[in-house]
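Colleague: I would like to learn how to read a model like this, feature by feature. Shall we take the residues one at a time and finish with the whole chain?

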Amino acid sequence: MVKKINATVWIPLLVCVAFVGGWLAGNQLAGSHGNSPAEKKLNTILSLIKSDYVDDVDLDSLLEYTLPGLLSTLDPHSAYITAADLKAVNEDIEGSFSGVGISFMVNNDTITVLEVISGGPAEKVGIMAGDRIVTIDGDNVAGVGISADHVKGLLRGETDTRVKVGIKRTNSKRVHDYEITRAPIPQASIDASYMLNDSVGYIKVGKFSRTTYDEFLTALHTLSTEGATAFTIDLRGNGGGVRDAAILMANEFLPAGQVIMAQKGRNGRDDNVFVSDGLGSFTDEKVTVLLDEYSASASEILAGAIQDNDRGLIIGRRSFGKGLIQNQMVLPDSSAIRLTIARYYTPSGRCIQKEYSLGKTAAYENDIWERYNRGEAFVEDSIRQRTDLIFTTAHGRTVYGGGGIMPDIFVPNDTSGITGYYINVANAGLLQRFAFEYCDLNRDQLVKAKTTQELLKLLPSDNTLVRSFVGYAAQNGVPARWYYINISHGLIVNQLKAIIARDIIGLSAYYEITNQRDRTVTSALEEIARGHADWPIVNSKKE
């Protein structure tokens, strides 16, 4: 890759501003020299509060309270991260954490192991899917109202430290004690990778971390060996993450010399243009990228590079619209700030950052809700395009700036099968609870399946599955309403099978099943079959 350099209370707020002024005076953030009149004024106020205010003031507490508010007045994405939260934030970025290597759920006040990571610490000592965790380090955790976050905090810890868990199994009355030595556990960012048909590979990217590119490249090569000559990259719901991963992923598809993205800061120090090096392994395959209103940041970098270079089709709905770049800076107390330092631009010159007003985060956060209210998720003509911000792709197609990436092929939000009955059982979590209990009762038989297709053959007929679920839902407060159940029949069956497959085989199996009735995935397959995804893209609804 060639890289070209081309608040609510006035006293806490004053304390916070004075603190930032101190940073500036100390050359820690901005490199200023000496104290300006404003900085002297702020430091004087801070000293007066400390010496003369009617009550004792805990400056550290005031600072923790006011920093988030201060940074939120800059833009919607600059943020303060407490020292307590920073570790978890960095785990998402790095793509790994130190723990025992299980996934679990808290159901009926019981911690149940859903999956044991192959080769992980828990598997090495004999923990199995279906096990109930009843004690952690000698403390009872069953029937005490423990939260999933609390469990996570107890099981994670520093590498090479140990945690003791007490396990109950359905085939044994006694508690089995295990001591597990924590170790680094990778967090996969590729949620699914499989063949949609004989020639199209599907990759679901859940987030962008430092390991995402390597995972993505492995998935591409694996699918290629299975016959893939086209790829559908699903970025729906992906809020972004590490920018460099998106750049490297785009580079795999582009010939040499194509701009992937540019970024521009205030003073030129953060200006960069990233250009493809021509060493990608998949510069000839067909590409479709799936987006929705929750696709943001790094997702939009990848999609923008594909669209503006006419390399593939973007399918779905308008993306979130986050075109601001943050730099994370760790502070002396191990807290951190993420400060917006630049805007990024797609190859055509678009900044896809949607509009915002300084300090007015509520409207920004409610934007997606407003999109739904005006029908944008369902009718393409409801989308508000910035016709004053018109740009042109490499082969002359018109694209727009000022608020997310508009897909080449619009696919509305699918509401088929959604009824009042379905909403009630879904909101009550009954689909997941039924599927979990079904897996728990039939685990010995179901685990014999090694593929999604093998598992589906072990499940009862669709009608039997629905009848069993409806009875279960009735016992748990949602009475049967067969008129609506019949309308939702296909959706209920699809969801139950997908959740069961996820619990038995893994997350990829979930998408294998849900994608069978996913209109956006179907649209991608249709466009590829029609030859509309052949590079370069010269004909689409955006021409």
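Modeller: Start with R169, in strand β8 (residues 162-169). Keep in mind that this is a predicted model.

Colleague: Is R169 buried or exposed?

Modeller: Buried means under 20% relative accessible area. R169 has 15% relative accessibility, so it counts as buried.

Colleague: Which side chains does the side chain of R169 make polar contacts with?

Modeller: A polar contact is judged by N or O atoms within 3.5 Å. The side chain of R169 makes one with the side chain of D131, at 2.6 Å. It makes another with the side chain of Y178, at 3.1 Å.

Colleague: What else is R169 in contact with, leaving aside neighbours within four places in sequence?

Modeller: Besides D131 and Y178, the list holds G126, I127 and M128.

Colleague: Now a loop residue. Where is S276?

Modeller: S276 sits in the loop between β15 (272-275) and β16 (286-291). Its relative accessible area is 2%, so S276 is buried.

Colleague: Which backbone oxygen lies 2.5 Å from a polar atom of the S276 side chain?

Modeller: That of P255. P255 is also among the contacts of S276 outside the four-place window. The others there are N251, L254, A256, G257, Q258 and I260.

Colleague: On to backbone angles. Which residues should I look at for positive phi?

Modeller: Look at residues other than glycine. N108 has phi near 50°. D310 has a positive phi of about 55° and is not a glycine either.

Colleague: Where are N108 and D310 placed?

Modeller: Each is in a loop. N108 lies between β4 (102-107) and β5 (110-116). D310 lies between α9 (298-308) and β17 (313-316).

Colleague: And are they buried or exposed?

Modeller: Exposed means over 50%. N108 has a relative accessible area of 53%, so it is exposed. D310 has 0% relative accessibility, so it counts as buried.

Colleague: Which residues does a cis peptide bond join?

Modeller: Check omega. W535 and P536 are joined by a cis bond, with omega about -5°. P536 falls in the segment after α18 (519-529).

Colleague: Next, helices. Which residues of α17 are buried?

Modeller: Helix α17 covers residues 507-514. A509, Y510, Y511, I513 and T514 are buried there.

Colleague: What do those buried residues pack against?

Modeller: Two strands and two helices are named: β11 (190-195), β12 (200-205), α14 (452-458) and α16.

Colleague: What does the surface show in the way of nonpolar patches?

Modeller: Y483, Y484 and I487 form one. Together they have about 320 Å² of accessible area. Y483 belongs to α16 (residues 482-504). At 61% relative accessibility, Y483 counts as exposed.

Colleague: Let us step back. How many helices and strands does the chain have?

Modeller: It has 18 helices and 22 strands.

Colleague: What does the radius of gyration say about the chain?

Modeller: Compare it with the value for a compact globule. With 543 residues, that would be near 24 Å; the chain has 26 Å, which agrees. Along the principal axes, the C-alpha atoms fill a box of roughly 75 × 65 × 45 Å.

Colleague: What share of the residues is buried, and what area does the chain expose?

Modeller: Buried residues make up 47% of the 543. The chain exposes about 25600 Å². Carbon and sulfur atoms supply 51% of that area.

Note on methods. Residues numbered from 1 in each chain as written. Predicted model: local features only at pLDDT ≥ 70, side-chain atom pairs only at ≥ 80, totals over all residues. Heavy atoms only, no water. Helix = DSSP H or I, 4+ residues; strand = E, 2+ residues; numbered from the N terminus. Buried < 20%, exposed > 50% of the residue type's maximum accessible area, 1.4 Å probe, protein only. Polar contact = N/O pair within 3.5 Å; in protein donor to acceptor, adjacent residues only side chain to side chain. Contact = heavy atoms within 4.5 Å. Patch = residues over 30% accessible without salt bridge, like charges linked within 9 Å, V, L, I, M, F, W, Y side chains within 5 Å. Areas by Shrake-Rupley, 256 points an atom, 1.4 Å probe, with all protein chains shown as cover. Salt bridge = Lys/Arg side-chain N within 4 Å of Asp/Glu carboxyl O. Rg over C-alpha atoms; globule rule 2.2 N^0.38 Å.
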